[in-house]
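Work through the exercises below with the sequence and the model side by side. Each task is followed by a solution in steps.

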Amino acid sequence: MRKRVVIFGGTGQVGIPLVEYLSGLDSIEVHLVSRKRRENANFLPKVQFHYFGLDETDKLCSILAQAGIAVFLIGGNNCYDREEFFSRNVQPLKQFIDASRSLVSPPPFIYFSSVYALFSQSLYGASKLEAETLIHDSYHGPWVILRPCWIISHYDRFCRLIVDGIDKRSFFVLPRTSPFDYIYYKDLARIISSLIVSKNFPCNKKPLSIGAGDARDLIGFYKAFAKEKGKRIKILPIPLTPILKLLNLSFHILGYPCEGTLDKLKSQRFCRVFTDVKFKEKYQFNPTPFEQVAQDIINWRPKGSNLL
């Protein structure tokens, strides 16, 4: 019997490769819930699309009742203020959990959180931590929470900033940061796929931190990308704290949200989290070498065939 997988938010950077992986498996039946109808969605003929919002309780309850497993990828970190962070990262999940309460046996549930939940002084981290708490306190089926580190891909603005910057110049003034880990978006999709097809759902009742185990500081990432592009760059390192203070002051004067915009830069000072060794062994997770990751990102060109 095919396992019915219902994915919420499957049109983002992790959802796209996940849907592609799962749709190629004969044992999996993929259902994707989306609020908006996608004109180019027919490139995945094996995927069944359901177009409705999470506030449509009857439709949500109906699809959850038939799900073999649910994957929740909805969320966002490019937000303006606290209200937007929580409306994108907490409110949709609350609607999902409220609907699940009407079921006798809610389906196994994979929630896509972030390592930033460890650093709740940031708005993004605080919203993710509240979402995790909501699951822990209110979801009555088996669940697992994934906390990926920096998700590196050609979709990521921070990653494109590095690659495009190296294209345009050879001298950089960069802050000194502590090493921080990353995870390639396709590797993360493979991890979620492995959890879905596993016969023993990993209901650990605690978040799983996911990273490649290859931490580098910010300057190290610049040098690594430059090497793969075959370019020589010069870097003038400066302390991080004065930069944060200057950015906070500038953003405050301009009226931009300091917390959300500076999340990534702030957390780089202490965001060193690695994938658990037992997790790697159990699910045969071998991260893609950074050299290959860098080449994939450098050589990427828009094809117009994905859902974004």
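Two strands pair if DSSP finds at least two bridges between them. Helices (H or I, at least four residues) and strands (E, at least two) are DSSP runs, numbered from the N terminus. The model is predicted: local features need pLDDT of at least 70, side-chain atom pairs count only at pLDDT 80 or more, and totals for chains, interfaces and linings use all residues. Residues are numbered from 1 along each chain as its sequence is written, and side-chain values use heavy atoms, with hydrogens and water left out.

**Exercise 1. The strands beside β6**

Task: Find which strands are joined to β6 by bridges, and in which direction they run.

Solution:
- Step 1. Strand β5 (residues 109-112) is joined to β6 by four bridges, and the two run parallel. Tyr111 has Ile145 of β6 as its bridge partner.
- Step 2. Strand β10 (residues 208-210) is joined to β6 by three bridges, again parallel. Here Arg147 is partnered by Ser209 in β10.

**Exercise 2. The two faces of β6**

Task: Sort the residues of β6 by the way they point, and state whether they are buried or exposed.

Solution:
- Step 1. In a regular strand the side chains alternate between the two faces of the sheet.
- Step 2. From β6, Trp143, Ile145 and Arg147 point one way, while Val144, Leu146 and Pro148 point the other way.
- Step 3. Buried means under 20% relative accessible area, exposed over 50%, partly exposed in between (1.4 Å probe, protein chains only). Six of the six residues of β6 (residues 143-148) are buried.
- Step 4. For the chain, buried residues make up 51% of the 308 residues.

**Exercise 3. The cover of α2**

Task: Identify the buried residues of α2 and elements that cover them.

Solution:
- Step 1. In α2 (residues 57-65), the buried residues are Leu60, Cys61, Ile63 and Leu64.
- Step 2. An α-helix has 3.6 residues a turn, so residues three or four places apart point the same way.
- Step 3. Contact means heavy atoms within 4.5 Å. The cover over the buried residues of α2 includes β1 (3-8), β2 (28-34), β3 (48-51), β4 (69-72) and α4 (91-100).

**Exercise 4. The packing of α3 and α4**

Task: What is the angle between α3 and α4, and which residues meet?

Solution:
- Step 1. Helix α3 (residues 82-89) packs on α4 at about 30 degrees, with the axes 3 Å apart. Axes are lines fitted to C-alpha atoms, for helices over the stretch in contact, and angles run from 0 to 180 degrees between N-to-C directions.
- Step 2. Angles under 35 degrees count as roughly parallel, over 145 as roughly antiparallel, 65 to 115 as roughly perpendicular and the rest as oblique. The helices α3 and α4 are therefore roughly parallel.
- Step 3. Phe86, Ser87, Arg88 and Asn89 of α3 meet Gln91, Pro92 and Leu93 of α4.
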